[in-house]
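Student: I'd love a close look at one part of this model, the packing of its interior. Could you walk me through it slowly?

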Amino acid sequence: MNAAGWPIVLCDKARILARFPRLVARAHRSNYDGRQLYSSDCQLPYKNKISGTHQYRDLGRLDDIDIASFRERHFKPEVPTILPRHYFCDLPASERWFKPSVSETNISRLNIDYLTEHGGDAYVPLELTPGTEDTHASKEDGTEFRKFQAPLSLFLQWIRAAEKQSQDMRLYLAQCQLLDLPPTLRDDFPTPELVLQAGKGDIYDTNVWIGLPPTYTPLHRDPNPNLFVQLAGCKIVRLLAPEDGLALFGTVRRYLGKSGTREAASFRGEEMMQGQEREIIEQLVWNDVDPSQLTSVSDSWGYEARLEAGDGLFIPNGWWHSIKGVGNGVTASVNWWFR
């Protein structure tokens, strides 16, 4: 079991390809962009059962960084913020792990040769989900969501194939711990001064996230402050304050006949990634539902942050957040949990 309580299955390349023979056969590429996240005419199928929605304001961005000021205004009072634009562009990984597309402007591609040379044999956590066209079939054969470990080289082969033609199954390198990578790749992520100096300097964990849009991380909260840095591509983050997120989570869980307590929110398994719980929470967080569609409306506000390469986001301890990768080309991030 990993830290999130998800089972980890160790697989080698041959077993994975045998289990999913179409993995690199054809693909699903989406023309997903930021506008498609917010449908003005969407219908909420649970509107007669679940009440409440949230409005989202643009999260503020700092003009510059003074660590002492950041500590007093954001770290200690637990107030989220976006760091100055492109503040983290000088991370070595930004230059070594990615390269510009030769055919598309402002689009990044993975530097597959570099990653294969320095870490192709490293085992990494992968999430397998169906392409949009195969969602219904996947529910019938039980492949709606799988989490497993495999060599990084398998993921790189999938990326190479997916950039050429659509895939019916999608892979996402999710929550790959930096300590699981070879030293050369680990050295591409020096710890930011903000992480070392804002608090006690204790680093709980560092993780890398890489995929092709659309990618999705369900609504959850972290046990420690989080510095989330976008390395390539674009992601949109929606945040809810601790009590507002817990209220939404509890409402959905109780509707499904499950516990909605703080303890249940702290230990979440695969229900985050599939099934009714994910479906309902995703609609409540991401669909800009007309308030008149709902039986009652909460007056709470959330925040939204759009992150591009080099941007960083501070997510305080306990703040709920959900993340979508959008646009074209690879989307990649690194985060530090610290205190």
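To set the scene, how much accessible surface does the protein have, and what share of it belongs to carbon and sulfur atoms? After that, please take me to the largest nonpolar core.

Tutor: Happy to! This is a predicted model, in which local features need pLDDT of at least 70 and side-chain atom pairs count only at pLDDT 80 or more, while totals for chains, interfaces and linings use all residues. Residues are numbered from 1 along each chain as its sequence is written, and side-chain values use heavy atoms, with hydrogens and water left out.

The accessible surface comes to about 15400 Å², and 48% of that belongs to carbon and sulfur atoms; such areas come from the Shrake-Rupley method with a 1.4 Å probe, and for residues only the protein chains shown count as cover. Of the 339 residues, 54% are buried. Here, buried means under 20% relative accessible area, exposed means over 50%, and partly exposed lies in between (1.4 Å probe, protein chains only). The secondary structure comprises 11 helices and 16 strands, which are DSSP runs numbered from the N terminus (helices are H or I with at least four residues, strands are E with at least two). Among contacts between residues at least 6 apart in sequence, 82% join residues at least 24 apart, a contact being heavy atoms within 4.5 Å.

Now to the core itself. A nonpolar core is a set of buried Ala, Val, Leu, Ile, Met, Phe, Trp, Tyr and Cys residues joined through side-chain atoms within 4.5 Å. The largest one holds 50 residues, and W97, L110, L126, F155, F189, I210 and L227 touch the most other members. Helix 6 supplies the largest share of this core, 7 residues. That helix spans residues 152-162 and is largely enclosed by the rest of the structure, because 9 of its 11 residues are buried. Among these buried residues are L154, F155, L156, W158 and I159. In soluble globular proteins, nonpolar side chains tend to be buried together.

W97 is a good residue to zoom in on. Leaving aside neighbours within four places in sequence, W97 is in contact with residues including L110, L115, L181, L185, F189, V208 and I210. Its partners also include R109, N111 and D188.

A second, separate core of 18 residues includes L240, V252, L256 and W286. V252 also appears in a helix pair: L248, F249, V252, R253 and Y255 of helix 9 meet E277, I280, I281, L284 and V285 of helix 11. The residues of this contact divide into 8 nonpolar, no polar and 2 charged; Ala, Val, Leu, Ile, Met, Phe, Trp, Tyr, Cys and Pro count as nonpolar, Asp, Glu, Lys and Arg as charged, and the others, Gly among them, as polar. Helix 9 (residues 242-255) and helix 11 (residues 275-286) pack at an angle of about 140°, with their axes 10 Å apart. Axes here are lines fitted to C-alpha atoms over the stretch in contact, and angles run from 0 to 180 degrees between N-to-C directions.

Finally, some backbone details away from the cores' listed members. Most residues other than glycine have a negative phi, and most peptide bonds are trans. P213 and P214, however, are joined by a cis peptide bond, with omega about 0°, and P214 lies in the loop between strand 9 (203-211) and strand 10 (215-221). Q175, in strand 8 (residues 169-177), has a positive phi of about 55° although it is not a glycine.
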